[in-house]
Amino acid sequence: MSHAGSYDRLTRLVTLGRRDRIYAGLAALTDAAPGEHAVDLGCGTGALTRALATRVGPRGLVTGIDPSEDMVAYASRTATPTIRYAVHPAEALPFRDESVHVVATALAMHHVDADQRPVAVAEAHRVLVPGGRLLVVDPPAAQPDCSAPDRRAHRARDGE
Ligand SMILES: C[S@@+](CC[C@H](N)C(=O)[O-])C[C@H]1O[C@@H](n2cnc3c(N)ncnc32)[C@H](O)[C@@H]1O
């Protein structure tokens, strides 16, 4: 099973089968409304992306972005005319200024290099329309920075 497949299975297990309900609650915090464009930063296998899609409805659009080709390939199984996935990091968003109503991210910001997090937040601000909403769900700041060990773990896994 791919890393993305294992991650998807793990998220269903650790939430005791309530993952979709939990992400629906997170999506509700954004007030995403029918017809809006929402973006999920670090979408992984797309749980929050899909929850946002339920809120924006068939006239809206949700784009899940993630730098991991593996995650995006896995998430893309659930792509629809309303749900798109693309390989991009949070630090360089492929959207025009003031073109997005909601930017949301769950459990991904601590994966962004610490010195790049302000860049990612500035990018979210750039693409949001005036009055747009930003939701960041992440472990407390006291948690150790996992971006560097994470990269080392990936390199070890990939045999580098
Ligand atoms: C723990 S997973 C969370 C996935 C998903 N948001 C969820 O809640 O299940 C962290 C994700 O952050 C992604 N990620 C790593 N670096 C990133 C970056 N610079 N910008 C955006 N996402 C990043 C990883 O590829 C991974 O899919």
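**Close-up views of a predicted model**

**View 1. Strand β2 is mostly covered in this predicted model.** Strand β2 spans residues 61-66, and 5 of its 6 residues are buried.

**View 2. Strands β1 and β2 run parallel.** Strand β1, residues 37-41, is joined to β2 by 5 bridges. One of the pairings puts histidine 37 together with its bridge partner in β2, leucine 61. Between β1 and β2 the chain passes through helix α3, residues 47-56, and this β-α-β crossover is right-handed.

**View 3. Helix α3 is largely enclosed by the rest of the structure.** How many of the 10 residues of α3 are buried? The number is 8, so the helix is largely enclosed. The buried residues are Ala47, Leu48, Thr49, Arg50, Ala51, Leu52, Ala53 and Val56. Just after α3 comes glycine 57, which takes a positive phi of about 70°.

**View 4. Strand β2 also pairs with strand β3 in the parallel sense.** Strand β3 covers residues 83-87, and 5 bridges link β2 and β3. Within this pairing, glycine 64 stands opposite tyrosine 85 in β3. Helix α4, residues 69-75, makes a right-handed β-α-β unit together with β2 and β3.

**View 5. The ligand has 19 residues around it.** Which of these residues come nearest to the ligand? They are Gly42, Gly44, Ala90, Ala108 and His111. By residue type, the shell around the ligand divides into 12 nonpolar, 5 polar and 2 charged residues.

Note on methods: Residues are numbered from 1 along each chain as its sequence is written. This is a predicted model: local features need pLDDT of at least 70, side-chain atom pairs count only at pLDDT 80 or more; totals for chains, interfaces and linings use all residues. A residue is near a molecule or strand if its C-beta atom, placed from the backbone, lies within 6 Å of it. Ala, Val, Leu, Ile, Met, Phe, Trp, Tyr, Cys and Pro count as nonpolar, Asp, Glu, Lys and Arg as charged, and the others, Gly among them, as polar. A residue is buried if 20 or more other C-beta atoms lie within 10 Å of its own, exposed if 12 or fewer, and partly exposed in between; C-beta atoms are placed from the backbone. Helices (H or I, at least four residues) and strands (E, at least two) are DSSP runs, numbered from the N terminus. Two strands pair if DSSP finds at least two bridges between them. A crossover is right-handed if, with the strands pointing away from the viewer, the path from the first strand over the helix to the second runs clockwise.
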